[in-house]
Amino acid sequence: MNENLKFIQVSIILEKKASIREVMVFPKTGSSEDLLFGAPSLLSDKKVEEMNVRIMR
């Protein structure tokens, strides 16, 4: 198990919180957006090319 996940689980127990959102430093929104990093976001054509990824539509 990931060490960060263990820490979060222990934090939830120690703080007596019902949700992981209450103990995360940078919680995501209900739609799973990360407001700090603006993720998820669309990749530029340059980034897609750099990563050698093919997008199938």
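Lys47 and Glu50 sit 3 residues apart in helix α2 (residues 45-50), so about one helical turn separates them. Their side chains meet in a salt bridge, with 3.4 Å from N to O. Please keep in mind that this is a predicted model. Below is a friendly tour, starting with that pair and moving on to the chain as a whole, the loop and the segment after α2.

**The salt bridge in α2**

- A search of the whole structure turns up 1 salt bridge, and the partners are Lys47 and Glu50.
- The N to O distance of 3.4 Å qualifies because the cut-off is within 4 Å.
- Side chains of opposite charge can pair when their charged atoms come close.
- Lys47 is partly exposed, at a relative accessible area of 39%.
- Glu50 is partly exposed as well, with a relative accessible area of 46%.

**The chain as a whole**

- The chain contains 2 helices and 0 strands.
- Of the 57 residues in the chain, 7% are buried.
- About 5,600 Å² of the chain is exposed, and carbon and sulfur atoms supply 58% of that area.

**Val23 and its contacts**

- Val23 belongs to the loop between α1 (3-15) and α2.
- Its relative accessibility is 22%, so Val23 counts as partly exposed; buried would mean under 20%.
- Leaving aside residues up to four places away in sequence, Val23 touches Ile8, Ser11, Ile12, Glu15 and Lys17.
- One of those contacts, Ile8, is 15 residues away from Val23 along the chain, and the C-alpha atoms of the two are separated by 7.1 Å.

**Lys16 and Lys17 in the loop**

- Lys16 is found in the loop between α1 and α2, and Lys17 is found there too.
- Phi of Lys16 is near 55 degrees, a positive value in a residue other than glycine.
- Most residues other than glycine have a negative phi.
- At 75% relative accessibility, Lys16 is classed as exposed.
- Lys17 is partly exposed, at 34% relative accessibility.
- When residues up to four places away in sequence are not counted, Lys17 touches Ile12, Glu22 and Val23.
- Ile12 is therefore on the contact lists of both Val23 and Lys17, with contact meaning heavy atoms within 4.5 Å.

**The segment after α2**

- Met51 is in the segment after α2, and Asn52 lies in that segment as well.
- Met51 joins Val53 and Ile55 in making a nonpolar surface patch of about 300 Å².
- With a relative accessible area of 54%, Met51 is exposed, since exposed means over 50%.
- Asn52 has a phi near 55 degrees, which is a positive value in a residue other than glycine.
- Asn52 counts as exposed, with 72% relative accessibility.

**Points to look for in the model**

- In α2, find the side chains of Lys47 and Glu50, which meet in the salt bridge.
- In the loop between α1 and α2, find Val23 and follow its contacts, including Ser11 and Glu15.
- For positive phi values in residues other than glycine, look at Lys16 and Asn52.
- For the nonpolar surface patch, look at Met51, Val53 and Ile55.

Note on methods: Residues numbered from 1 in each chain as written. Predicted model: local features only at pLDDT ≥ 70, side-chain atom pairs only at ≥ 80, totals over all residues. Heavy atoms only, no water. Helix = DSSP H or I, 4+ residues; strand = E, 2+ residues; numbered from the N terminus. Buried < 20%, exposed > 50% of the residue type's maximum accessible area, 1.4 Å probe, protein only. Patch = residues over 30% accessible without salt bridge, like charges linked within 9 Å, V, L, I, M, F, W, Y side chains within 5 Å. Areas by Shrake-Rupley, 256 points an atom, 1.4 Å probe, with all protein chains shown as cover.
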